[in-house]
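Hi,

Here is the structure I promised to send over. Have a look at it first, and then read on for my notes.

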Amino acid sequence: MTRKYLTILFVMTITLVSAQIKIVNKLTVDHQNVEGTKISLIPPNGFTKAVNFLGFQEEVSGSSIMVLNIPGPFSETSKGITKENLLSTGVQMISDDHILLNGLPALLVQGKQSAYGNIYTKYILVFGTEKETIMINGVFPEHLTKLSGDIKKCLLSAYYEAEKQVNILETVEYTIEVSGTKLKFAGNMSNSLIYTVDGELPTKSDDKTSLIISKSFSNTNTEDLKDFSINRLKQTPFEVDSIKRSADIVIGNLSGYEIISKGKNIKTRVPEYLYQLILPTDSNYYILFGTTNDMSEVSINEIKKAAETFKLK
């Protein structure tokens with residue numbers, strides 16, 4: 001048994017109390033902080049810092065451990081972790097366990113999912129406070145059964161520093177300038193930075209102008225960038241009524257494609273202006289997606305102004 005797993009067994013106390021697993025972790029020298037988060041984990045052997053997301057990866061097997069920050073209290077967000085909701089995202093739940101992780105309520109789910117012609121096992125650990133929720137996803141090819149125990153141990157080694165000050169803007173590999181616009185940084189979720197008019201997530205303002213910046217997890221064929229951009233726009237939760245403007249564009253030494261359109265939110269049916277900018281690199285692409293319920297062109301032009309300051313560090 002490796003020193004790494006001996007450490008986990010030493011620092012982790014598991015008892016059964018009222019049918020609930022209680023886990024108490026201490027921060028050790030083997031823990032690695034996931035940069036840009038309040039979470040430290042003991043990654044399995046062979047896993048290294050991920051390139052396109054917050055967490056760890058093993059490129060050879062295509063396995064990953066991803067840390068996500070979700071705005072909102074655990075008491076509310078955890079209600080969405082159900083068999084039915086997971087199935088709607090393509091995940092078949094196998095088991096779920098309620099846990100106390102360093103005194104915080106937590107849920108550990110095991111499931112399986114088909115993707116890219118393969119079947120993957122997925123562990124999902126969700127926990128948090130009344131201020132925020134943390135989700136850690138561990139995914140690996142189903143046939144690599146040895147990784148099941150390794151990844152589960154990794155997730156259960158989680159150490160959460162609630163008061164840790166994290167500046168996600170310092171950890172991303174790009175910059176964007178929103179001064180001169182009404183946009184304010186609101187936070188990060190999944191692999192995205194989010195800007196709103198009041199800096200709140202979700203926004204409390206009647207003005208729903210927002211901008212989201214995301215990075216793709218893997219390389220995608222964007223050779224026909226115009227066609228790719230139009231198809232990508234169709235994948236958003238908006239019904240596109242008309243494209244007002246679209247063009248090739250060069251921003252921060254990256255060649256991209258920009259689309260401004262009018263559409264409706266699929267759920268609310270509220271008319272909105274939509275802005276989309278796709279910027280491919282050699283290994284992935286960035287997408288900047290903005291929306292506004294201001295049907296004058298003032299707000300959409302502010303989104304465009306901010307987006308076009310995007311620059312790799």
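Let me start with one glycine: G138 is buried, because its relative accessibility is 0% and anything under 20% counts as buried. You'll find G138 in strand β11, which covers residues 132-141. Leaving aside residues up to four places away in sequence, G138 touches S64, I65, T121, K122, Y123, I151 and L155. I also checked the spacing to I124: that residue is 14 places from G138 along the chain, and the two C-alpha atoms are separated by 6.4 Å.

Before you go further, please keep in mind that this is a predicted model.

How far can you trust it?
The mean pLDDT of the chain is 90, with 93% of the residues at 70 or more. The weak part is at the start: over residues 1-19 the pLDDT stays under 50. The model still has 38 contacts beyond four places in sequence for that stretch, but where pLDDT is low, the predicted coordinates should not be read in detail. Strand β1 (residues 13-17) has the lowest mean pLDDT among the elements, at 38. At the other end of the scale is strand β4 (residues 39-41), with the highest mean, 98.

The overall picture
There are seven helices and 21 strands in the chain. Which radius of gyration would a compact globule of 313 residues have, and what does the chain have? The expected value is near 20 Å and the chain has 21 Å, so the two agree. Along the principal axes, the C-alpha atoms fill a box of roughly 60 × 40 × 35 Å. Of the 313 residues, 48% count as buried. If you take the contacts between residues at least 6 apart in sequence, 52% of them join residues at least 24 apart.

On the surface side, the chain exposes about 16,000 Å², and carbon and sulfur atoms supply 53% of that. As for charges, there are 33 positive and 34 negative ones, and their mean positions are 3 Å apart.

Backbone spots to look at
Most residues other than glycine have a negative phi, and most peptide bonds are trans. A few places here are worth opening in your viewer with that in mind.

- The peptide bond from L201 to P202 is cis, with omega near 0 degrees. P202 sits in the loop between β15 (192-196) and β16 (210-215).
- N102 has a positive phi, near 50 degrees. This asparagine lies in the loop between β8 (91-101) and β9 (104-115), and it counts as partly exposed because its relative accessibility is 31%.
- N253 has a positive phi too, near 70 degrees. Its place is the loop between β17 (238-251) and β18 (254-265). Is N253 buried or exposed? With a relative accessible area of 78%, N253 is exposed.

One more loop residue
T89 is in the loop between α3 (83-88) and β8. Its relative accessible area is 52%, so T89 counts as exposed, the cut-off being over 50%. Measuring by eye won't be needed for its distance to Q113: the two residues are 24 apart in sequence, and their C-alpha atoms are 8.9 Å apart in space.

That's what I have for now. Shout if anything is unclear when you open the file.

Cheers

Conventions: Residues are numbered from 1 along each chain as its sequence is written. This is a predicted model: local features need pLDDT of at least 70, side-chain atom pairs count only at pLDDT 80 or more; totals for chains, interfaces and linings use all residues. Side-chain values use heavy atoms; hydrogens and water are left out. pLDDT is the predictor's confidence in each residue, from 0 to 100. Helices (H or I, at least four residues) and strands (E, at least two) are DSSP runs, numbered from the N terminus. Contact means heavy atoms within 4.5 Å. The radius of gyration is taken over C-alpha atoms; the globule rule is 2.2 Å times the number of residues to the power 0.38. Buried means under 20% relative accessible area, exposed over 50%, partly exposed in between (1.4 Å probe, protein chains only). Accessible areas come from the Shrake-Rupley method with a 1.4 Å probe; for residues, only the protein chains shown count as cover. Lys and Arg count as positive and Asp and Glu as negative; His and the chain ends are not counted. The place of a charge is taken as NZ of Lys, CZ of Arg, CG of Asp or CD of Glu.
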